[in-house]
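Student: I'm new to this structure, and I keep tripping over the vocabulary.
Tutor: Then have a look at it first, and we'll check the words one at a time.

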Amino acid sequence: MDEAEIREIVREVLSRVRSGEPPKAERPGIFADMDAAVAAARTTQRMIAAMPMEFREKIIASIRKNILKNAAALSELGVRETGMGKVGHKILKHQLVAEKTPGTEDITTTAWSGDRGLTLVERGPFGVIGAVTPSTNPSETILCNAIGMLAAGNTVVFNPHPGAKNVSNLAVEIVNRASLEAGGPENIAVSLENPTLESGEAMFRHPEIQLIVATGGPGVVTAALSTGKRAIGAGAGNPPALVDETADVPKAAVDIINGASFDNNLPCIAEKEIVAVERVADELLHHMKENGCYHASAAEVEKLMQLVFVRHNGKDVLNRKYVGADASRLLRDIGVDAGDVKLVIFEGSEQHPAIREELMMPIIGLVRVKNVDAGIELCKNLEHGNRHSAHMHSKNVDHLTKFGKALDTAIFVKNGPSYNAIGFGGEGYTTFTIASRTGEGLTSAYTFTKSRRCVMSDSLCIR
């Protein structure tokens, strides 16, 4: 499937979106109802279970090639459909998925051999996985999950966020066309033409779904965990970035800007608020302003809050219209023309709603503290016990150690931008499903397997 074909599909999808027509159903892996989707995935899973690992890897190689080929088209459609993020940054994320998502090499065997025989612990597939995916990283999450789940021997039924169904289903189609190109089966990954809350609930309840993987907000994760089935929950975070008096402050400023502005702060791992020791706070603000940030006044911050929060059922909730919006657009909509700005920064107290809440917008508040111990306590409070991600800039190993132990997060980035955590500019593999709530952390193919012990008594030890 070449880029020209993908772009033609994108043009057709966008045309149908504008006209209000439903997307075409005659596409590999896209079904009208959940029962048909699950049945197709179950049939394909039986084929995959019988495949040599080498052939799974051949299909995965084809998927990787097709992701790289179509990263731009997927990214453009994602931004147009959802109104969130930056095309250039989404292209980088798709490249990261293609190059650093683990494949079959992640599936390992443990062995014990001795006088009483041979024992193996091997990793086997669950079968058909049901997965819910978000609108913030729609195609990236689907492609990353599809590679890992296939490597583990599973197939997957996706119920994408309805606000990103077109780009999500295009990603599913790319997976299946890539498999067919490699000589593999169709319906390795499947989805619905029109996913809804009801179709998600039907997927959760379906008897053929053996494992549920929910990537999204707290509501969908709670729903997945309430099914009574084995579930992996990748939920929200509110990652703080602590800067102490020993930090390389100019570098910390650039790192925080790069991490917090990446894809307009949509990644759940991104820096959402800054806690700075008083001694370096002014220097940090200076370097952030020098590197593309707009320092908002108290009056401007108040206008921004009226923009990004709306009243709903007696509570202030995020205005979805501005999630993942450009910083320059946010400023323009309060009457400020600041040119091409990466990030809006402001100072506030720990009680400020834009500091306590995960905005997923390029707005970041800074709170001053007297010392590093006060900073650690405040960061722990602001992270809300999600144990998702936290970041610190310090040259003091004892401070870093204390912070890491206190916050106990799945991700802890030291002296770098947040995206180092998923292998972008840092070591290690990538993932877009970070299961802090259920404890798996950064998921990979291994996560989507179950343990099986195989024992040969008194034989096959030849030492």
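Student: Left-handed or right-handed: which is the crossing of α3 and α5?
Tutor: The crossing of α3 and α5 is left-handed. That word applies when the near helix is turned anticlockwise from the far one by less than a right angle; clockwise would make it right-handed. Bear in mind that this is a predicted model, where local features need pLDDT of at least 70, side-chain atom pairs count only at 80 or more, and totals for chains, interfaces and linings use all residues. Residues are numbered from 1 along each chain as its sequence is written, and side-chain values use heavy atoms, leaving out hydrogens and water.

Student: What makes α3 roughly antiparallel to α5?
Tutor: Helix α3 (residues 53-69) packs on α5 at about 165°, with the axes 9 Å apart. Angles over 145 degrees count as roughly antiparallel, so α3 gets that label. The axes are lines fitted to C-alpha atoms over the stretch in contact, and angles between N-to-C directions run from 0 to 180 degrees.

Student: Which residues of α3 and α5 meet?
Tutor: Arg64, Ile67 and Leu68 from α3 meet His94, Gln95, Val97, Ala98 and Glu99 from α5; contact means heavy atoms within 4.5 Å. By class, that makes four nonpolar, two polar and two charged residues. (Ala, Val, Leu, Ile, Met, Phe, Trp, Tyr, Cys and Pro are nonpolar, Asp, Glu, Lys and Arg charged, and the others, Gly among them, polar.)

Student: Why are α4 and α5 called oblique?
Tutor: Helix α4 (residues 71-82) and helix α5 (residues 87-100) pack at about 130°, with axes 8 Å apart. Under 35 degrees is roughly parallel and 65 to 115 roughly perpendicular; 130° fits neither, nor is it over 145, so the pair is oblique. α4 passes α5 in a right-handed crossing. Ala71, Ala72, Leu74, Ser75, Glu76 and Val79 of α4 make the contact with Val87, Lys90, Ile91 and His94 of α5. Those residues divide into six nonpolar, two polar and two charged.

Student: How many cavities of 30 Å³ or more are there?
Tutor: The count comes to two. A cavity is a set of points on a 1 Å grid where a 1.4 Å probe fits but cannot get out, and lining residues have an atom within 4 Å of a point. The largest cavity holds about 40 Å³ of space, and its lining has four nonpolar, six polar and no charged residues. Among the residues that line it are Thr101, Cys144, Asn145 and Phe448.

Student: What makes the lining of the second largest cavity partly charged?
Tutor: Leu92, Lys93, Leu96, Phe262, Tyr419, Ile422 and Phe424 line that cavity. Lys counts as charged, and the lining has six nonpolar, no polar and one charged residues. The space in it is about 30 Å³.

Student: How large is the second largest pocket, and which residues are closest to its centre?
Tutor: Its volume is about 200 Å³, and the closest of its 14 lining residues are Lys86, His89, Ser261, Phe262 and Lys342. It's called a pocket because it is an open set, with protein on both sides within 12 Å along at least five of seven lines. α5, α10 (249-261) and α13 (327-332) each supply at least two residues of the lining.

Conventions:
Helices (H or I, at least four residues) and strands (E, at least two) are DSSP runs, numbered from the N terminus. Grid points are joined across faces, edges and corners, and a volume is the space filled by probe spheres set on the points.
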